[in-house]
Structures are given as structure tokens and as C-alpha cells.
Amino acid sequence: MVSFLPLFLIIVLVLGSILGGLATASEAAAVGAVGAIGLAFFYKTMNWNMFKDSIYLTARSSTMIIWLFVGPWQFLVVTQIVIFILGWPLEWTEIIIIFVPIFLPLVKYYGIDPYFFGILIGLNLQTSFLSPPMAMAAFYLKGVQGDRVSLQEIFKGGYPFIFMVILAMLLLYNFQGLSTWLPKYLFD
């Protein structure tokens, strides 16, 4: 319990500052990084090589994120690929709370309609309900069906729905008006 408490406090501090509206995701990450460095010094596990490796990995991750922002079309494609891949290990709430705030400032910068971007993300998150290993919908169905159907069969049955969602996303890319006509009609 003693070793878990400091880590738990860092998690609460980082997520609490985001959810409480006190810090952006980037600022909260900085708070978490300072807390982690402090913990490493406190437990005497920090050495120069570990510090150097963490700086290298941070720079590499930041460079990959910066590379995403090369243009509106590429930005849309790469962000959707990132969200699709993140849907495998993470749940939709984690993606929305942690990663969407990273992408949102660039939506305005590239002149992308926020309704369009939000609907693309919503569609993309549907794939995380169907694609392994998280596939919450598959596990719900397995819980209801029990031993009558295998998880492999459920995953196989979900693939056509994943392809339908991807097809819908491709249609939205090509015909953005499908996602924006109703909000424009209601609010303009």
C-alpha cells in the first residue's frame, strides 16, 4: 500500500487537474512528469541513463505527434488511424479525455468543421467496441450467450460491421456535407 499511494496520488493529481478544468492535457502531463521524477529521486531509482532514455522517448513521441500535423487532409487521416489503433487497447472514454484534446486545437487551425471532426471520431470509436482486444460489444454478447458461441465467432461476426463503419467514414471524407447539413440547418 505504501508503494501504491504515491503513484495513485500522481494519477489523481494529473486526471483531477484535467477533469477539474485546472490544466490542459499538456500541462497535466508536465505535472505528472515532475511528480514521476520526484518519485524516482525519492525511491533512489533515478540515474543518468534512465533520465536520458526518458528524455529520448519523450522527444521521439513528441516528434511523432508533431509529424501528424502536416496538412488538413493528412491530419484527418492520421488522427483517425491513431484513434482506430488506440481503440484496441483503450476504451472510448480514455481516448476522448486524453487524445481528442490534443487534436482539437488543430481542427480550428486547419479550418476543419468541428461537427465533421466530431462525427468522424464518433464513428471511429464505434470500431473500438467491435475490434479486439477490447471489443466491449463482443464481451457483452459473450456474457449473454455463454458457452453457446465462442469469442472467435463473435469477433468474426463483427468484422462486417467494422468495414461498414470504415465505409461510412470514407463517405464522410468525400462528402462532408453529410455530417454538417443538419447542424447548419438548425443553427445558421
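A contact here means heavy atoms within 4.5 Å. In this predicted model, residues 24 or more positions apart account for 62% of the contacts with a separation of 6 or more.

The secondary structure is quickly told. The chain holds nine helices and zero strands, and from the N terminus on its elements run α-α-α-α-α-α-α-α-α. The radius of gyration is 20 Å, well over the 16 Å that the globule rule gives for 188 residues, so the chain is more spread out than a compact globule. Along the principal axes, the C-alpha atoms fill a box of roughly 55 × 50 × 30 Å.

Turning to the surface, 27% of the 188 residues count as buried. The accessible surface of the chain comes to about 12,700 Å², and carbon and sulfur atoms contribute 74% of that area. As for charge, the chain carries 8 positive and 8 negative charges, and the mean positions of these two sets are 7 Å apart.

The aromatic side chains deserve a closer look. The count comes to nine aromatic pairs. One of these joins Phe75 and Phe103 in an edge-to-face arrangement, with 6.3 Å from centre to centre and 75° between the planes. Phe75 belongs to helix H4 (residues 72-86) and Phe103 to helix H5 (residues 92-109), so this pair ties together parts of the chain that are 28 residues apart in sequence. Both rings are shielded by the definition used here, in which buried means under 20% relative accessible area: Phe75 counts as buried because its relative accessible area is 0%, and Phe103 counts as buried because its relative accessibility is 3%.

Phe75 also pairs with Tyr110, and here the geometry is tilted, at 5.4 Å centre to centre with 35° between the planes. Since Phe75 lies in helix H4 whereas Tyr110 sits in the loop between H5 and helix H6 (114-130), the pair ties together parts that are 35 residues apart in sequence. Tyr110 is buried, as is Phe75.

These two pairs can be placed in a wider setting. Ring pairs link Phe75, Phe103, Tyr109, Tyr110 and Phe117 into a cluster. Within this group, Phe75 is a partner of Phe103 in the edge-to-face pair and of Tyr110 in the tilted one.

Note on methods: Residues numbered from 1 in each chain as written. Predicted model: local features only at pLDDT ≥ 70, side-chain atom pairs only at ≥ 80, totals over all residues. Heavy atoms only, no water. Helix = DSSP H or I, 4+ residues; strand = E, 2+ residues; numbered from the N terminus. Rg over C-alpha atoms; globule rule 2.2 N^0.38 Å. Buried < 20%, exposed > 50% of the residue type's maximum accessible area, 1.4 Å probe, protein only. Areas by Shrake-Rupley, 256 points an atom, 1.4 Å probe, with all protein chains shown as cover. Lys, Arg positive; Asp, Glu negative; His and termini not counted. Charge placed at Lys NZ, Arg CZ, Asp CG, Glu CD. Phe/Tyr/Trp six-rings, centres within 6.5 Å; stacked < 30°, edge-to-face > 60°.
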